[in-house]
Amino acid sequence: MASKVVTANRLLDGAVVYMAPEGRWTECLVKAFVGSDEDSGSMMAMAERSVADRLVVTPYPIDVEEGPQGLVPSHIKEVIRATGPTVRLDLGKQAGDVCGEHHVSL
Amino acid sequence: MYRYDEFDHTLVNERVVQFRDQVRRRVAGDLTEDEFKPLRLMNGLYLQLHAYMLRVAIPYGVLSADQMRRLAHVARVYDKGYGHFTTRQNIQYNWPLLEEVPDILDELAQVEMHAIQTSGNCIRNVTADQFAGVAADEIDDPRVYAEIIRQWSTLHPEFSFLPRKFKIAITGAPNDRAAVKVHDIGLRMVRNEAGEPGFEVIVGGGQGRTPMIGHVVRGFLPVPHLLTYLEAVLRVYNLLGRRDNLYKARIKILVHQTGVEEFTCLVEEEFELMARETPQVLPGGELARIRAYFQPPAYRALSPVSDVLATALGRDDGFARWHQTSVAAHKQPGYAIVTISLKPIGGVPGDATADEMGVVADLAERYSFSEIRVSHEQNLVLPDVALDDLPQVWRELEAAGLATPNVGLVTDIIACPGLDYCNLANARSIPIAQEISHRFADLDRQHDIGELKLKISGCINACGHHHVGHIGILGVDKKGVEHYQVTLGGDASETAAVGDIVGPAFSGDAVSDAVETVIGVYLGQRQASERFVDTYRRIGLKPFKEKLYGAR
């Protein structure tokens, strides 16, 4: 059974974010809260509270898998969202420090 | 070029103020996303994969040097240093911040630009031949009519909530560089037996999920009736177009399901009714007022032959190569039209950095009466360059990395942003374009292959015009893996055709091999100076299919 993470775009800049424990949001996928299929409903309910709080827009659950480098999305579209344009490695999350010590979650 | 009057300034400035307040209310929580989304889309603001995306209108692809500099400024200050010129002659910024978008729109309004009509189910930004007003083969300048259509359609209350988006393209020349036959309405200037200019009206073309070539519903429409006739077409569509199914809502489906003859009757009846009730023609004075904005610049009286050019062509092979592909005939003796390729080998088709935009603006100012055009093939154009200046323009483009001599050749690829940026895409377009570009980088080989329109879309919406590529490539998602369907024989010109699907889709790492195979078949079979598409029409799909799939 696939593991689930809830993703959304941040309201102010549209950046891709993932729901972390306790309903916080992070730009770093590996810091996301990972649930099961059965958890999707409650995860989405929590995400919708952040929509109401104007932190994020259009949340939805995605399938993720544990890879050699940690958590990765199952679908190519979500892999690109999690990293950035594959033709501009200087842009997007892949160009920054979204999972490092300077990371600040919402 | 057209300059805003007081009405235009007021309209655009008011829109900026409105949108600033809408953004403020969204951030403050007074508007939900559901309420805000249609408002942001009316101002060209989309939410894409990584960020917001702002699509700025470049009406009929015409820009001044100052406007180009402002586009560069926006890229530099508000975005990440580049922009993407699209197949609808617009520019897209991929990384704007929501709260800065009103500032961007304000900056654009100062140079008479906006992002209205770049989204939503309205009449979209009108597109035109990028050589409008300067082409040697032109009957009349389509910019005059494109501007009239712009003024008529902007915020038109009756046509702001159509069943679906509506795209109008116009060309003044028999050689169609504006793909008018694959638009909701295509207008092609023609002359009647008396020699008067008018329009051939083509309706129901389009690409996307159901590609169709438009049908001629009026062989000759006198110029004064332009808006009345467009209004008649749009009224029939607005009343009868389907609103129950997103995929069947474009006018092409209505024309197809109604039948061309019946649809034409409905339009003509509406047109007659409108003409009877309130005789509407374009006022001659108004036509003249708009035409005055598009008077030719102060051309010098030059010889049609340039010794400077002839000497440079004989002395420098690099310049000669560039001249061969990038320079087109101008209607004014002693001048030429220069196309600037935005397709460097291995580059991102249509992308330009702020610095490159600045270079083009400077060149336009010094050598082309401060005017620039954007083509639907994602290149830029300097429309009015004196023949004597061509060598120097080339040197400066070369120094800026903007002199790739591949216009019209296999590496002059149209590609949509695809899955690298776009929320709708199923597969990446740009990396495929880059790989093919590298594969065919050798100029001798490109010239040997000759004219070849290769077009790539990352999904069936066909922003990359793959249906009308001589070779079209469509990205599809097969069980979560990117695959690419190849079509052959498409054509966006006056001999428009939708390409034929050659067979099962290829994996991403096999698609450039497939293109190589297709081109190999063409080179083996072509006769005399046949272009790829000519050979395809003569020999059909079978030899290509056999070579591609024969071993399977």
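**Entry 1: B:Ala462**

I started with B:Ala462, which sits in the loop between β17 (454–457) and β18 (471–478) of chain B. I keep in mind that this is a predicted model. Is B:Ala462 buried or exposed? I count 23 other C-beta atoms within 10 Å of B:Ala462, and the cut-off for buried is 20 or more, so B:Ala462 is buried.

Next I looked up the company this residue keeps. Setting aside residues up to four places away in sequence, B:Ala462 touches B:Gln207, B:Gly208, B:Ser457 and B:His467. I also checked B:Leu474: it lies 12 residues from B:Ala462 in sequence and 7.8 Å from it in space, C-alpha to C-alpha.

**Entry 2: B:Asp244, another loop residue**

For a second loop I picked B:Asp244, between α6 (226–240) and α7 (251–258) of chain B. Here I find 7 other C-beta atoms within 10 Å, and 12 or fewer means exposed, so B:Asp244 is exposed. B:Pro163 is 81 residues away from B:Asp244 in sequence, yet the two C-alpha atoms are 8.9 Å apart.

**Entry 3: the nonpolar cores of chain B**

Which residues touch the most other members of the largest nonpolar core? I find B:Met68, B:Ile170, B:Val233 and B:Val360, in a core of 139 residues. The element that gives the most to this core is α6(B), with eight residues. I followed up B:Val233: leaving out neighbours within four places in sequence, B:Val233 is in contact with B:Ile185, B:Val203 and B:Val267.

There is also a second, separate core, and B:Ala462 from my first entry turns up in it. That core has 47 residues, including B:Ile456, B:Tyr522 and B:Phe532. A reminder to myself: in soluble globular proteins, nonpolar side chains tend to be buried together.

**Entry 4: strand β2 of chain B**

I then went to strand β2 (residues 52–56) of chain B, where five of five residues are buried. B:Tyr52, B:Leu54 and B:Val56 point one way from β2(B), while B:Met53 and B:Arg55 point the other way. I note that B:Arg55 is among the buried ones.

Which strands pair with β2(B)? I found β1 (residues 45–47) of chain B, antiparallel over three bridges, and β5 (residues 91–93) of chain B, also antiparallel over three bridges. β1(B) and β2(B) make a hairpin with four residues between them. B:Leu54 is a handy residue to click on: B:Leu45 stands opposite B:Leu54 in the pairing with β1(B), and B:Tyr93 stands opposite B:Leu54 in β5(B).

**Entry 5: helix α13 of chain B**

In α13 (residues 390–399) of chain B, I listed the buried residues B:Leu390, B:Pro391, B:Val393, B:Trp394 and B:Leu397. Why do they fall on the same side of α13(B)? They cover an arc of only 160 degrees around the axis, so one side of the helix holds them.

I also noted what that side packs against: the helices α10 (307–315), α11 (317–326) and α12 (354–367), and the strands β11 (327–329), β12 (335–340) and β15 (380–386), of chain B. Just after α13(B), B:Gly401 takes a positive phi of about 75 degrees.

**Entry 6: chain B as a whole**

I stepped back to the full chain B, with its 18 helices and 21 strands. Of its 552 residues, 54% count as buried. The C-alpha trace spans about 60 × 60 × 60 Å along the principal axes. A compact globule with 552 residues would have a radius of gyration near 24 Å, and the 23 Å of chain B agrees with that. Of the contacts with a separation of 6 or more, 66% come from residues 24 or more positions apart.

**Entry 7: chain A and where it meets chain B**

Chain A has two helices and five strands, in the order β-β-β-α-β-β-α along the sequence. Its radius of gyration is 13 Å, close to the 13 Å from the globule rule for 106 residues, so chain A is as compact as a globular protein of that length. The C-alpha trace of chain A spans about 35 × 35 × 25 Å, and 35% of its residues are buried.

How many residues does each chain bring to the contact? I get 22 from chain B and 21 from chain A. On the chain B side, α14 (residues 430–439) supplies the largest share, three residues. That side divides into 12 nonpolar, four polar and six charged residues.

Note on methods
Residues are numbered from 1 along each chain as its sequence is written. Chains are lettered from A and ligands numbered from 1 in the order in which they are written. This is a predicted model: local features need pLDDT of at least 70, side-chain atom pairs count only at pLDDT 80 or more; totals for chains, interfaces and linings use all residues. Two strands pair if DSSP finds at least two bridges between them. Two residues are in contact if their C-beta atoms, placed from the backbone, lie within 7 Å. Ala, Val, Leu, Ile, Met, Phe, Trp, Tyr, Cys and Pro count as nonpolar, Asp, Glu, Lys and Arg as charged, and the others, Gly among them, as polar. The radius of gyration is taken over C-alpha atoms; the globule rule is 2.2 Å times the number of residues to the power 0.38. The arc is that of the directions from the helix axis to the C-beta atoms. A nonpolar core is a set of buried Ala, Val, Leu, Ile, Met, Phe, Trp, Tyr and Cys residues joined through C-beta atoms within 7 Å.
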